[in-house]
Amino acid sequence: MTPAPARGTTSATLLLNATYEPLCVVSSRRAIVLVLADKAVSVDSAPEEVHSESVILPVPVVVRLTRYVRVPYPAQVPLSRRAVFHRDGSTCVYCGGSATSIDHVVPRSRGGTHTWDNVVAACRRCNHTKADRSLAELGWKLPHPPRTPSGAAWRLLGARTVDPRWREWLGMPESVSA
């Protein structure tokens with residue numbers, strides 16, 4: 001029987017390949033099972049411990065597989081409402097207010113696509129004002145063009161919050177989030 005993490009322990013663990021390449025995020029429970037089965041080695045641990053009758057194990061925050069696993073990655077980060085809000089910092093790209101909806105820069109009714117480079121976060125007022133018009137018709141300008149998110153953090157985590165203890169393994173500076 002596998003020991004269960006204590007209440008208050010971390011709920012997610014970063015899983016690294018044998019080459020220390022980030023693979024995915026798994027539950028702490030799954031990481032504990034991998035460590036106990038000698039399929040992974042704990043690289044970084046939380047101060048909390050899990051206890052069983054004969055084993056005391058620190059809750060892993062980062063684990064590394066003992067064998068190399070070849071995994072094909074999708075070419076792009078999946079487009080979702082939550083990910084668009086995260087990319088744009090939950091602020092309206094038109095006025096800087098709090099974003100409550102997404103907007104297509106080139107309206108879909110005019111041939112715009114539902115892709116990362118055409119979707120932005122917008123407040124309800126700006127989205128309603130813009131409607132199905134182009135930015136040129138309104139005289140509006142974007143502060144920066146929308147782009148597809150890139151990097152290991154986006155590929156693995158999407159809009160999930162990054163545990164600060166994962167940053168060195170994801171190649172992220174201290175001040176940047178996913």
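**Group meeting: a walk through one predicted chain**

Let me start at one residue, S90, which sits in the loop between α2 (81–87) and β5. I should say straight away that what we are looking at is a predicted model. The phi angle of S90 is near 55 degrees, which is a positive value in a residue other than glycine. Is S90 buried, exposed or partly exposed? With a relative accessibility of 38%, S90 counts as partly exposed, because that class covers the values between 20% and 50%.

There is another residue to put beside S90, namely Y20, which is not a glycine and yet has a positive phi of about 70 degrees. Y20 is found in the loop between β1 (12–16) and β2 (22–27), and its relative accessibility of 41% places Y20 in the partly exposed class.

Now let me step back to the chain. The chain contains six helices and six strands, and if you read along the sequence you meet them in the pattern β-β-α-β-β-α-β-β-α-α-α-α. Of the 178 residues in the chain, 39% are buried. If we take the contacts between residues at least 6 apart in sequence, 57% of them join residues that are at least 24 apart. The accessible surface of the chain comes to about 10,500 Å², and 52% of that surface belongs to carbon and sulfur atoms.

How confident is the predictor in the chain, on average? The average pLDDT is 85, and 83% of the residues score at least 70. Confidence is highest in β6, at a mean of 96, whereas it is lowest in helix α5 (residues 152–157), at a mean of 67. Please also look at residues 5–9, where the pLDDT is below 50, and where the model shows eight contacts for the stretch beyond its near neighbours in sequence.

Let me turn to pairs of charged side chains. How many salt bridges does a search of the whole structure find? The search finds three salt bridges, and I will take them one by one.

In one of them, the side chains of D88 and R87 meet, with a nitrogen-to-oxygen distance of 2.9 Å. D88 counts as buried, because its relative accessibility is 11%, and R87 counts as buried at 15%.

In another, D103 pairs with K130, and the closest N and O atoms are 3.4 Å apart. D103 belongs to strand β5 and K130 to helix α3 (residues 124–130), so this pair ties together parts that are 27 residues apart in sequence. D103 is buried, with a relative accessibility of 4%, and K130 is buried too, its relative accessible area being 0%.

In the remaining one, the side chains of E137 and R110 meet at 3.1 Å, again from N to O. Here E137 is in helix α4 (residues 135–138) and R110 is in the loop between β5 and β6, so this pair also ties together parts that are 27 residues apart in sequence. E137 is partly exposed, with a relative accessible area of 47%, and R110 is partly exposed at 44%.

From that loop we can move on to N118, which lies in the loop between β5 (101–104) and β6 (119–122). N118 is buried, because its relative accessibility is 6%. Which residues does N118 touch, once those up to four places away in sequence are set aside? They are D103, H104, V105, V106, G112, T113 and P146, and you will recall D103 from its salt bridge with K130.

My last point concerns the cysteines. A search of the whole structure finds zero disulfides. Why are C123 and C126 not bonded to each other? The sulfur of C123 has the sulfur of C126 as its closest cysteine sulfur, at 3.5 Å, which is too far for a bond, because a disulfide needs the two sulfur atoms within 2.5 Å. Looking from the other side, C126 is in no disulfide, and its nearest cysteine sulfur is that of C123, 3.5 Å away. C123 is buried, with a relative accessible area of 9%, and C126 is buried at 5%.

Note on methods:
Residues numbered from 1 in each chain as written. Predicted model: local features only at pLDDT ≥ 70, side-chain atom pairs only at ≥ 80, totals over all residues. Heavy atoms only, no water. Helix = DSSP H or I, 4+ residues; strand = E, 2+ residues; numbered from the N terminus. Buried < 20%, exposed > 50% of the residue type's maximum accessible area, 1.4 Å probe, protein only. Contact = heavy atoms within 4.5 Å. Salt bridge = Lys/Arg side-chain N within 4 Å of Asp/Glu carboxyl O. pLDDT = per-residue confidence, 0-100. Areas by Shrake-Rupley, 256 points an atom, 1.4 Å probe, with all protein chains shown as cover.
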